[in-house]
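Open the model in your viewer and keep the selection tool at hand. Each stop below says what to select and what is there.

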Amino acid sequence: MTFKGTFGIASAVVVCVFGGAWFLTATPSARMAPTAEAPAPQAYELNDSHFHLTNYVQEGTKIQDFLKIMGNRVGRVALFGIPLQQMWDKGNTGDFAPTYYLQSDAPLYYYSFTDAYIAMAYRSLAPADRARFDPMITGFNPADMYAADHIRRVLLTFPGVFSGIGEFTIHKEFVSAKIPGKTASLLDPALDRILDFTAETGLVSILHNDIDMPFPRAGQEPWIVPQFRDLLQRHPNAVVIWAHAGVGRIVHPIKDQLAMMERGLANPQAKNFYIDISWTEVAKYVAATPEATAAMADLINRYPDRFLFGTDEVAPTDQGSYLKIVDMYQPMFARLTPDAKQKLLKGNYERLFDEARRKVRAWEAAHAK
C-alpha cells in the first residue's frame, strides 16, 4: 500500500526501521508528595502527547491560563518547555529580538532552568489540576555523558512531578547546526546512557529525529534510518515516542515511508516504539489527498496501540489556535474504527503515562535521600 499525491510513491508521515525497515534538594514534604490522580478519561475529547508551554526564548503561556484553553476538550497534556534558548546577538539582528530559531543566525544553547520552571509551574496548581499534566524533563544536552545525571538530579529534586523526558532533539533541520560544541548523534554513548536510565526509571521518552536530512540528493538513502533502528534495538525496555513521525518543515515524508512504517510496526522487537502524529506540518501531508488520508487511517486501524495524538503547539493564547490540528485531522478521524480513534486520542496516552507515573514514583521512593 502506498501514499499517493503529495506523499509521492509511497510516503507517509512516520516510522522507524528495523532491519532494513523503519522501527525506529527537596524538602521532606515535597519528597513524599503523593502522585496526582488522573481525571476521568470519558470527560474529555482527547489528550495531548506533545505540548510546549514556552518558546525558544523561554516565554509562554501561564499554566493557569493554559488550563482555561484546554477547557473541557483536552483531558491530559504532556507538558514541556523547549530545551534550547535562542541567543540575541545584536551584531546579527540589531534591535530585533528573535524569538524563533529561523529568525536569526545566532547560536542556540541548552537552557537547563526550563526543568525547574516547568516543575514550579506544575506545583503552582491545585492537586486536581496537576492530575491533568505529565511534566517532562528537557533541559539536558544529549551529547553530554552527564545528561543522564542531570535527569536523575531533576527527579530527586522535584519528586512527584515528572513522567518522562523530551521533547529532546538529536537530528533537526537547521537546529542541530546552530548548537555549538559536539553534535548530538544516534551513535553517541551519551544517548545510550540516557535511554538506559529511562528504562531503569520508567520515564517515557519523546525524541525528535528527522527521518532524513534537508535537501537530499535524488535517490540518496537516508543514513539516519539504520542508526535509529540500531538505537532502538539496543534499548528494548526504553519507551520511545517518535515526535511527529520524523517530519520537518523541509524534511518531507520520504519515498516508501509507509512501507517502512508497516514493516517496523509489524516487527515484534518494536513493541516499545510509538509514534506521535503531532504538528500541523504532519497533518497537512495526511490531509493532502484522499488517498493519503485513507492510507494513514488504515495503518492506524491495523496498529491502534502504537499511535498518539499531539498538537506540538507552542505557548498558544486561545483554544482555536491550540486545537486547529484537530480540524485538519477530521477526515482521517472519520476513517478510524471506534477502537483505534479512542486509543489514538486518549487511550494510548493514558496507558503509557499512567504506567510511567507508577514506575517513576516507585523509583523516586526507592532512591529518596
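Select Gly 202, just after helix 7. In this predicted model, Gly 202 takes a positive phi of about 95°.

Now step back into helix 7 itself, residues 189-201. Put a distance between its end C-alpha atoms: they are 18 Å apart. That agrees with expectation, because 13 residues at 1.5 Å a residue should span 18 Å.

Go to the start of helix 7. Show the side chain of Asp 188 and the backbone of Ala 190. A side-chain oxygen of Asp 188 reaches to within 2.8 Å of the backbone nitrogen of Ala 190.

Which residues of helix 7 are buried? Select Ala 190, Leu 191, Asp 192, Ile 194, Leu 195, Phe 197, Thr 198 and Thr 201. A general point helps when reading such a list: an α-helix has 3.6 residues a turn, so residues three or four places apart point the same way.

What covers these buried residues? Colour the elements around them. The cover includes three helices you can select by range: helix 6 (147-157), helix 8 (224-234) and helix 15 (338-367). Strands are part of the cover as well, including strand 6 (164-171), strand 7 (204-209) and strand 8 (240-242).

Stay with two of those helices. Select helix 6 and helix 15 together. Their axes are 10 Å apart and the packing angle is about 85°. Helix 6 is therefore roughly perpendicular to helix 15. To see the contact, show Arg 152, Leu 155 and Leu 156 on helix 6. Opposite them, show Val 360, Trp 363, Glu 364 and His 367 on helix 15.

Next, select Glu 167, in strand 6. Look at the peptide bond that leads into it from Gly 166. This bond is cis, with omega near 0°. As background, most peptide bonds are trans, and most residues other than glycine have a negative phi.

Two residues go against that second tendency. Select Trp 279 first. Its phi is near 90°, a positive value in a residue other than glycine. Trp 279 sits in the loop between strand 9 (273-276) and helix 10 (280-286). Is Trp 279 buried or exposed? Its relative accessibility is 12%, so Trp 279 counts as buried.

Then select Ala 315. Ala 315 is not a glycine either, yet its phi is positive, about 45°. Look for Ala 315 in the loop between strand 11 (313-314) and helix 12 (319-322). At 19% relative accessibility, Ala 315 counts as buried, because the cut-off is under 20%.

Move to helix 8 and pick Val 225. Val 225 is buried, with a relative accessible area of 9%. Add Asn 209 to the selection. The C-alpha atoms of Val 225 and Asn 209 are separated by 10.0 Å, and the two residues are 16 apart along the chain.

Now select Arg 76, found in strand 2 (residues 74-80). Arg 76 is buried, at 2% relative accessible area. What does its side chain touch? Show Asp 354: the side chains of Arg 76 and Asp 354 make a polar contact at 2.7 Å.

Turn to the aromatic rings. The count comes to 14 aromatic pairs. Start with Phe 51 and Phe 66. Their rings are stacked, 4.0 Å centre to centre, with 5° between the planes. The pair links distant parts of the chain. Phe 51 lies in strand 1 (residues 46-52) and Phe 66 in helix 2 (residues 63-70), 15 residues apart. Phe 51 is buried, at 0% relative accessible area. Phe 66 is buried too, at 0% relative accessibility.

For contrast, select Tyr 111 and Phe 113. Their ring centres are 6.4 Å apart and their planes stand at 90°, so this pair is edge-to-face. Tyr 111 counts as partly exposed at 26% relative accessibility. Phe 113, at 52%, counts as exposed.

Return to Phe 51 and Phe 66, and add Phe 133 and Tyr 322. These four form one aromatic cluster.

Last stop: helix 11, residues 290-302. Its 13 residues should span 18 Å at 1.5 Å a residue, and the end C-alpha atoms, 18 Å apart, agree. Finish by selecting its buried residues: Ala 292, Thr 293, Ala 295, Met 296, Ala 297, Leu 299 and Ile 300.

How values were computed
Residues numbered from 1 in each chain as written. Predicted model: local features only at pLDDT ≥ 70, side-chain atom pairs only at ≥ 80, totals over all residues. Heavy atoms only, no water. Phe/Tyr/Trp six-rings, centres within 6.5 Å; stacked < 30°, edge-to-face > 60°. Helix = DSSP H or I, 4+ residues; strand = E, 2+ residues; numbered from the N terminus. Buried < 20%, exposed > 50% of the residue type's maximum accessible area, 1.4 Å probe, protein only. Expected span 1.5 Å × (residues − 1). Contact = heavy atoms within 4.5 Å. Polar contact = N/O pair within 3.5 Å; in protein donor to acceptor, adjacent residues only side chain to side chain. Axes fitted to C-alpha atoms, helices over the stretch in contact; angles between N-to-C directions. Parallel < 35°, antiparallel > 145°, perpendicular 65-115°, else oblique.
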